[in-house]
Amino acid sequence: MNGLAVHELPTGSASWRIALPHTAAAVPVARALVRSALAELGHLADCDTAELLTAELVANAVEHTAGSGPIELVVELRPTGCQVEVHDPDPAPPGHLTRPVIEEPDPWQEGGRGLLLIRALSSSCGHRPTSSGKAVWFRLPVVPAQRSA
């Protein structure tokens, strides 16, 4: 049989890295890359959640960092799940990603929920400094395959 059977987990890691424009056009490109990466290896992480959280990270990088230089998307698939990182040139940590939320977002405002989604839907998330700014990341675990009767 070619490829992985549904019950088998990938045995190694694979990664993708791409520079994206510092514009809103980067969001659908990032979503498509994550979807393609997960599908290419038949990875068992939740693709819909991975796309949503990737879109949030990329949109935040575009909206909240200055400059016109590219941002970078890194997708790493591991036997235990996937990790997605977005690198941007701003060294400042992202809002309330790893700190407790003191006040809930205003329900009448359009924004303010992205970091809450990342915290709520990922198995872990965080940020780290890089030589050119910071990387903001999240992890999703492998979703167990459904057994059919």
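Start with the cysteines: a search of this whole predicted model finds 0 disulfides. Select Cys-47 and Cys-82 together and look at their sulfur atoms. The closest cysteine sulfur to that of Cys-47 belongs to Cys-82, and at 9.0 Å it is too far for a bond, because a disulfide needs the two sulfur atoms within 2.5 Å. Seen from the other side, Cys-82 is in no disulfide either, with the sulfur of Cys-47 as its nearest cysteine sulfur.

Now colour the pair by accessibility. Cys-47 is partly exposed, with a relative accessible area of 22%, whereas Cys-82 is buried at 2%.

Cys-82 is your way into the next stop. Select residues 81-88, which make up strand 3; 8 of its 8 residues are buried. Which way do the residues of this strand point? Show the side chains and you will find Gly-81, Gln-83, Glu-85 and His-87 pointing one way, with Cys-82, Val-84, Val-86 and Asp-88 pointing the other. In a regular strand, side chains alternate between the two faces of the sheet.

Next, add residues 71-78, strand 2. Strand 2 runs antiparallel to strand 3, and 7 bridges join them. The two strands form a hairpin with 2 residues between them. To see one pairing up close, zoom in on Glu-76, which stands opposite Gln-83 in strand 3.

For the last stop, bring in residues 133-141, strand 5. Strand 5 also pairs with strand 3 in the antiparallel sense, over 8 bridges. Centre the view on Val-84 and look across to Phe-138, its bridge partner in strand 5.

Key:
Residues are numbered from 1 along each chain as its sequence is written. This is a predicted model: local features need pLDDT of at least 70, side-chain atom pairs count only at pLDDT 80 or more; totals for chains, interfaces and linings use all residues. Side-chain values use heavy atoms; hydrogens and water are left out. Buried means under 20% relative accessible area, exposed over 50%, partly exposed in between (1.4 Å probe, protein chains only). Helices (H or I, at least four residues) and strands (E, at least two) are DSSP runs, numbered from the N terminus. Two strands pair if DSSP finds at least two bridges between them.
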